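Let's take a walk through this protein together, from a single loop residue to the cores and helix packing. Keep the viewer open as you read.

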Amino acid sequence: MLMQMPLIISYLPVTDPTWIFFVVLSIILFAPLLLGRLRIPHIIGMILAGVIIGPHGFHILDRDSSFELFGKVGLYYIMFLASLEMDLQDMKRIRGQAFMLGITAFVFPLALGVVSNMLLLKYSLVTSVLLASMYASHTLIAYPIVIRYGVSRHRSVSIAVGGTIVTDTLTLLVLAVIGGMFKEDTEGWFWLLLVLKVILLAAVIIYAFPRIGRWFFRRYNDGVIQYIFVLAMVFLGAGLMEFVGMEGILGAFLAGLVLNRLIPHSSPLMTHLEFVGNALFIPYFLIGVGMIIDVRVLLGGGEALKVAGVMIVMALSGKWIASWVTQKVYGMSALERGLMYGLSNAQAAATLAAVLVGYNIILPDGSRLLNDDVLNGTVVLILVTCVVSSFLTEHTARRLALSHSSGSEELVPEGDTTLIALAYSETVEPIVNMALMMRKQETDHPLMALNVVLDDDPGAREKGQKVLDNAVRIASAANVQMNTKVRFATNLANGIIHAMKENDYSQVVVGLHIKSSPGESFFGPVLLSLLSGLNQQIMMVRSTMPINTIRRIHVAIPAKAEYEAGFLHWVERIARLGSGLGCRVFYHGHPRTLKRVRAYMERNYPSVRAEYFETDGGNELKRLSEIINPDHLLVVICARRGSISFRPSLEHVPHQIMKYYMQNSLLLIFPDGYDAQPTYTVSLSKPHSVTDKYETAKEWFGGWHKKNK
């Protein structure tokens, strides 16, 4: 056996592309499985695997061009996903905290680093500044961990991600300035021109990319084409940023930031982006980082260990001080400080860029600006900070997820189940996507898609099954389970009504009927039968463009809607829709109704950018037609005849929709009736006083008495 070892070694390092890819995929597959049993974050496993198989380990693989290519893609992917996962509505609310963390995470490590490098390591001022800038930068290596624990939209995570862009931008500016100092063609205006070019390019990305993306998504809905388009935009942003003299990670981050609202968190496209990145590109990058690290440096002693020790202490200390200052200034918890510290600890992307730039700069005396000791110390710094970051983030993210789930007072619906009635293939995608956007992300209840076939048309069963298969495909792409059923019935309405009652669904989503003949009702006979036969919430969808390209949501609310049994039911659904799309939500209604809506939104969805416009609570559709654009969604809260919020003027809603809104996307909601089962068991709004209850009963009885007098 031992005699065969030289024969095996003779085949190393592996150079055949097929076997290289097999080895990498085996690491990606087994590293998380093996280290998961030891409660070691799988990110560390990827890095350690890179150390073992790399040139400084058993030399199974060389760090060839494939690792440089996929590694760079993975690095861009990390920055892109980080900005894509950000809740921009919440980010605006916490931009002060993010800026504070970013500035302090840059200033404290830089200051500590310059002093220690000059006093302890005896480096020059320029070398000390460049080396200290490496302590200040950080890479979101541990970000996949917070995604896995479902806390990526927590305040502390958003602060850490927002702080990253501030810190890395300043670090890359320092890198560009110092690198420019040693270029022969550097002029006096070099630094000013660099800053101006970066600002100009950022403005172009912020202005042009969303408009290009919205134009593209409205015309092409194929998942593969959309994925390739998004990836192309990421690399375009990164390439343009490198063109002006900055690192591409800044462009990738900005691309994700501006495309954020066009890629909802619950959309199939987002699922595709996360899947490919976490399955291939990001692990490839982590393995490539491990292949740079030479563990023998730790055993060699000498100046390299001294440099590594100073670098590690200064980097860890500076980041902890920054997290502590941010926590104290804004009154955050120790758990939030721990998560910010964990995420902002890892050194990889900008650190590698800085050390390689400094290592390649040759001084007039023939020496390097950053010598071999700094290069070796840097790889040790990367290893230690990645390990510390992964462990801290894993520990705090788990605790945060447990505390969030156990201590949350979120309003949880009982049996939040949705039936989607589908009849035509062309309406499947908008109806299913709308249902996905309003679905509670953490619920275990699958969606249910139904196609009703008339008893006298058995040949329609196969056609109906194709419609349902298309719905399943869309839901599966968003990683959502969907059950389907083709049901025979004497008429379409009876089939839907019986399915609702038999399975106790809480709401039904259907397509909005388009009036086809002068004598026909606007809602059509099927929807009229649903209104008379169901007390559960009915939602009618009509989409003229992809839902992810909607820029505004306008909600028209009738007076006294807050007294309806299903009031909180539809408020919750619209809140989820606004949160998922990341767009502004304008509520139009009576002051008393808006007061209830505002209280609910501020307590449960403070990050949603909601605005409230007081009216008399009557029919406002004509007035709204002057401010609603084709890329806005109009939501009309309707009232069932005989309900508290019903008034005769609401009968003109179909006519005004036909007159003003046939070019707009529409969502008509008929809330739960009083005979429907209560949907919510926990009320987050303040309980009504005795006076409120008396006024409610008085208004309801007065309206009923007047109607039946």
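Is aspartate 504 buried or exposed? Keep in mind that what you have on screen is a predicted model. Aspartate 504 is exposed, because its relative accessible area is 52% and anything over 50% counts as exposed. You'll find aspartate 504 in the loop that runs between α21 (492–503) and β4 (507–511). Now look across to threonine 417: the two residues sit 87 apart in sequence, yet their C-alpha atoms are 8.1 Å apart in space.

Zoom out for a moment. The protein has 27 helices and 10 strands, and 54% of its 709 residues count as buried. Its accessible surface adds up to about 31900 Å², with 61% of that belonging to carbon and sulfur atoms. If you take the contacts between residues at least 6 apart in sequence, 82% of them join residues at least 24 apart.

Next, head inside. In soluble globular proteins, nonpolar side chains tend to be buried together. Here the largest nonpolar core has 128 residues, and the members that touch the most others are Leu61, Tyr77, Val230, Met241, Leu273 and Ile287. Helix α13 (residues 268–292) supplies the largest share of this core, 12 residues. Then there is a second, separate core of 55 residues, with Met482, Val555, Tyr605 and Leu633 among them.

To get a feel for the big core, click on leucine 273. Setting aside neighbours within four places in sequence, leucine 273 is in contact with Tyr77, Phe80, Leu81, Leu84, Tyr227, Val230 and Ile263. Two of these partners, Tyr77 and Val230, are named among the residues that touch the most other core members.

How do two helices of this protein fit against one another? Two packed helices are described by the angle between their axes and the distance between the axes. For helix α6 (residues 95–119) and helix α15 (residues 303–330), the angle is about 150° and the axes are 8 Å apart. Their crossing is right-handed. On the α6 side, the contact residues include Met100, Leu101, Ala105, Phe108 and Leu112, while α15 brings, among others, Val310, Met314, Ile321, Val325 and Tyr330. Sort the residues of this contact by type and you get 13 nonpolar, nine polar and one charged.

Stay around α6 and pick out valine 166, which lies in helix α9 (residues 155–181). Valine 166 counts as buried because its relative accessibility is 18%, and the cut-off for buried is under 20%. Apart from neighbours within four places in sequence, valine 166 is in contact with Phe99, Gly102 and Ile103. The C-alpha atoms of valine 166 and alanine 105 are 9.0 Å apart, with their positions 61 residues apart in sequence. Alanine 105 is also one of the α6 residues in the contact with α15.

A helix can carry exposed residues too, so try tyrosine 207 in helix α10 (residues 190–219). Tyrosine 207 is exposed because its relative accessible area is 54%, over the 50% cut-off. Its C-alpha atom is separated by 8.4 Å from that of valine 258, a residue 51 places away along the chain.

Now for some backbone oddities. Most residues other than glycine have a negative phi. Histidine 59, though not a glycine, has a positive phi of about 55°. Histidine 59 is found in the loop between α3 (42–53) and α4 (65–85), and with a relative accessible area of 29% it is partly exposed. Asparagine 479 also has a positive phi, near 60°. Asparagine 479 is placed in the loop between α20 (460–477) and β3 (482–489), and at 67% relative accessibility it counts as exposed.

One last loop to visit: where is isoleucine 362 found? Isoleucine 362 is in the loop between α17 (349–360) and α18 (372–407). Isoleucine 362 counts as partly exposed because its relative accessibility is 49%, and the exposed class needs over 50%. Leaving out neighbours within four places in sequence, isoleucine 362 is in contact with Ser367 and Arg368.

Notes
Residues are numbered from 1 along each chain as its sequence is written. This is a predicted model: local features need pLDDT of at least 70, side-chain atom pairs count only at pLDDT 80 or more; totals for chains, interfaces and linings use all residues. Side-chain values use heavy atoms; hydrogens and water are left out. Helices (H or I, at least four residues) and strands (E, at least two) are DSSP runs, numbered from the N terminus. Buried means under 20% relative accessible area, exposed over 50%, partly exposed in between (1.4 Å probe, protein chains only). Contact means heavy atoms within 4.5 Å. Accessible areas come from the Shrake-Rupley method with a 1.4 Å probe; for residues, only the protein chains shown count as cover. A nonpolar core is a set of buried Ala, Val, Leu, Ile, Met, Phe, Trp, Tyr and Cys residues joined through side-chain atoms within 4.5 Å. Axes are lines fitted to C-alpha atoms, for helices over the stretch in contact, and angles run from 0 to 180 degrees between N-to-C directions. A crossing is left-handed if the near helix is turned anticlockwise from the far one by less than a right angle, and right-handed if clockwise. Ala, Val, Leu, Ile, Met, Phe, Trp, Tyr, Cys and Pro count as nonpolar, Asp, Glu, Lys and Arg as charged, and the others, Gly among them, as polar.
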